[in-house]
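Q: I have this structure open and would like some company while reading it. Please take a close look at how the nonpolar side chains are arranged, and then follow the trail to the charged residues and cysteines.

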Amino acid sequence: LDLADDGISAEAEYGSYSVKLTWIVKPFPVLELASPADRVLTTQLALAVGHGESLYLDSGQVLLLSEEDAEVSDVTTISTDTWVMEADRPGRLVWPIRPFDPYTTDNETRGRSACCLFSVDWQGKIRLKFEARKAT
């Protein structure tokens, strides 16, 4: 773990894979993942949005997170009224993802506890830029 004035970085190894994760905070927040692996890796981010919220996609599409399942490909920019996330390559947005719940018969959390997933394949390096917005 390396701490610096402009961010933090850490390296993780699993089997034959290693990934360096760097969180840069200045001049704007960026999450950078880098790996020397010669294979395509997948990063999955659970987004802090839930049932009833709207996501605005770079295609101009507005996705209302409702009871209906949704999957959108070729997404690079996702935003809400309070934040924006921009990836340097397209990924896939999936709604809903239900966390594991051992107290239900099918082990899935119901309804309002669901979250949205952004999944992106990459090789070499990927950068995800974040921006906060004032709520309107």
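A: Happy to, and let's begin at the surface with one term: a nonpolar patch is made of residues with over 30% relative accessible area and no salt bridge, whose nonpolar side chains are joined within 5 Å. Please keep in mind throughout that this is a predicted model. Here, Leu21, Trp23 and Val25 make a nonpolar surface patch of about 220 Å². Of these, leucine 21 belongs to strand E3, which covers residues 17–24. Its relative accessibility is 35%, so leucine 21 counts as partly exposed. Strand E3 also holds serine 18, and that residue has another setting. Serine 18 counts as buried because its relative accessibility is 18%, under the 20% limit for that class. Beyond its sequence neighbours up to four places away, serine 18 touches Ala12, Glu13, Ala34, Ser35 and Pro36.

Now for the interior. In soluble globular proteins, nonpolar side chains tend to be buried together. In this model, the largest nonpolar core has 27 residues, and Leu47, Leu55, Ile78, Leu93 and Phe118 are those with the most contacts inside it. Two or more residues of this core come from each of the strands E4 (30–34), E5 (41–47), E6 (54–57), E8 (70–79), E9 (83–97), E10 (115–122) and E11 (125–132). Strand E9 gives the most, with 5 residues.

Phe118 is a good place to zoom in. Leaving aside neighbours within four places in sequence, phenylalanine 118 is in contact with Thr43, Gln44, Leu45, Leu47, Val75, Ile78, Met85, Ala87, Gly91, Arg92, Leu93 and Leu128. Among these partners are Leu47, Ile78 and Leu93, which are also listed with the most contacts inside the core. The next residue along, serine 119, is in strand E10 and counts as buried because its relative accessibility is 7%. With neighbours within four places in sequence set aside, serine 119 meets Thr42, Thr43, Gln44, Gly91 and Arg92. Thr43, Gln44, Gly91 and Arg92 therefore appear in the contact lists of both phenylalanine 118 and serine 119.

Arg92 leads us to the charged pairs. The structure holds 3 salt bridges. In one of them, the side chains of arginine 92 and glutamate 71 come together at 3.2 Å, N to O. This pair links distant parts of the chain, with arginine 92 in strand E9 and glutamate 71 in strand E8, 21 residues apart. Arginine 92 is partly exposed because its relative accessibility is 31%, while glutamate 71 counts as exposed at 52%.

Another salt bridge joins the side chains of glutamate 32 and arginine 127, at 2.8 Å, N to O. Again the pair links distant parts of the chain: glutamate 32 sits in strand E4 and arginine 127 in strand E11, 95 residues apart. Glutamate 32 counts as buried, because its relative accessibility is 14%, whereas arginine 127 is partly exposed at 34%. There is also a salt bridge between arginine 89 and aspartate 88, whose closest N and O atoms are 3.1 Å apart. Both ends are partly exposed: arginine 89 has a relative accessibility of 23%, and aspartate 88 has 42%.

What about the cysteines? The structure holds 0 disulfides. Cysteine 115 has its closest cysteine sulfur in cysteine 116, at 7.5 Å, so the two are too far apart for a bond; the cut-off for a disulfide is 2.5 Å. Each of them is buried, cysteine 115 at 16% relative accessibility and cysteine 116 at 0%.

For a contrast, finish at tyrosine 103, in the loop between E9 and E10. Tyrosine 103 is exposed because its relative accessible area is 78%. The C-alpha atoms of tyrosine 103 and glycine 52 are separated by 25 Å, and these residues are 51 apart along the chain.

Conventions: Residues are numbered from 1 along each chain as its sequence is written. This is a predicted model: local features need pLDDT of at least 70, side-chain atom pairs count only at pLDDT 80 or more; totals for chains, interfaces and linings use all residues. Side-chain values use heavy atoms; hydrogens and water are left out. Patches are made of residues with over 30% relative accessible area and no salt bridge: like charges are joined within 9 Å, nonpolar side chains (Val, Leu, Ile, Met, Phe, Trp, Tyr) within 5 Å. Accessible areas come from the Shrake-Rupley method with a 1.4 Å probe; for residues, only the protein chains shown count as cover. A salt bridge is a side-chain nitrogen of Lys or Arg within 4 Å of a carboxyl oxygen of Asp or Glu. Helices (H or I, at least four residues) and strands (E, at least two) are DSSP runs, numbered from the N terminus. Buried means under 20% relative accessible area, exposed over 50%, partly exposed in between (1.4 Å probe, protein chains only). A nonpolar core is a set of buried Ala, Val, Leu, Ile, Met, Phe, Trp, Tyr and Cys residues joined through side-chain atoms within 4.5 Å. Contact means heavy atoms within 4.5 Å.
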